[in-house]
Amino acid sequence: MKSHRFTLSVILLALSSLAVAQSDMQHPVARPEAQASSVAPVLSEAQKSFATLKTLAGEWEGTATVPDAPQMSGAKMHVSLRVTSRGNALVHEMQEAGTPLDATKYDHPITMLYLDGDQLTLIHYCDAGNRPRMTGKISPDGKTVEFELKDISGSTEMHMHHSLFTFIDANHHYEDWTFMMKDKPIHAHFDLQRKN
């Protein structure tokens, strides 16, 4: 009788071990390497800056204020920002609102923003016929991304020299651009509202 009880105990122990093993197979314990891969990677400052700028994707309209050229103040502007190249570039296009895309009559500068290694880079394809390259950084509070001139391809007599993007909320931002006319800076401020 004792041998039957012992055999029964061994069989019950084996069955309970089997049940626990099957349960573990259905609900596996997360391994440390699996947990590590689910943790979000730490972004560099350049990556944070670029991710913030990509939130501006869409169509924007607003007015220009140009203190150094009052005749240009009050112009209605249209800005299009589009994420492209599988998320690796942001295309910025600016034109006076309501004007056709006719490069022979109207300004229509294109700006490309992208990560170049660990550097946020802006290249402005200017109507002045040159391509200033700037590098950008996000402010500690995350409310602005500022670009400083690094170098220029083409003529340096007139060129875009500085840019600042200020985030007000999801539907409102400012852009400040500084254009150098020979040695004189011309500042333009754009107050832009999201159209879509």
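This briefing covers a strand barrel, a helix lying across strands, and three loop residues. The model is predicted: local features need pLDDT of at least 70, side-chain atom pairs count only at pLDDT 80 or more, and totals for chains, interfaces and linings use all residues. Residues are numbered from 1 along each chain as its sequence is written, and side-chain values use heavy atoms, without hydrogens and water.

**Barrel**
- Ten strands (DSSP E runs of at least two residues, numbered from the N terminus) close into a barrel in the order β1-β2-β3-β4-β5-β6-β7-β8-β9-β10, with antiparallel pairing. Two strands pair if DSSP finds at least two bridges between them.
- From one strand to the next, the twist averages 25 degrees. Axes are lines fitted to C-alpha atoms, for helices over the stretch in contact (heavy atoms within 4.5 Å); angles run from 0 to 180 degrees between N-to-C directions.
- Antiparallel β9 and β10 are joined by ten bridges. H172 stands opposite Q193 in β10.

**Helix across strands**
- Helix α3 (residues 45-54) lies across β2, β3, β4, β5, β6, β7 and β8. Its angle to β4 is about 145 degrees. Helices are DSSP H or I runs of at least four residues.

**Loop residues**
- Most residues other than glycine have a negative phi.
- R86, between β2 and β3, has a positive phi near 55 degrees. R86 is exposed at 86% relative accessibility (buried is under 20%, exposed over 50%, partly exposed in between; 1.4 Å probe, protein chains only).
- K182, between β9 and β10, has a positive phi near 60 degrees. K182 counts as exposed because its relative accessibility is 52%.
- P140 sits in the loop between β6 and β7 and is exposed at 92%. The C-alpha atoms of P140 and E45 are 9.6 Å apart, across 95 residues of chain.
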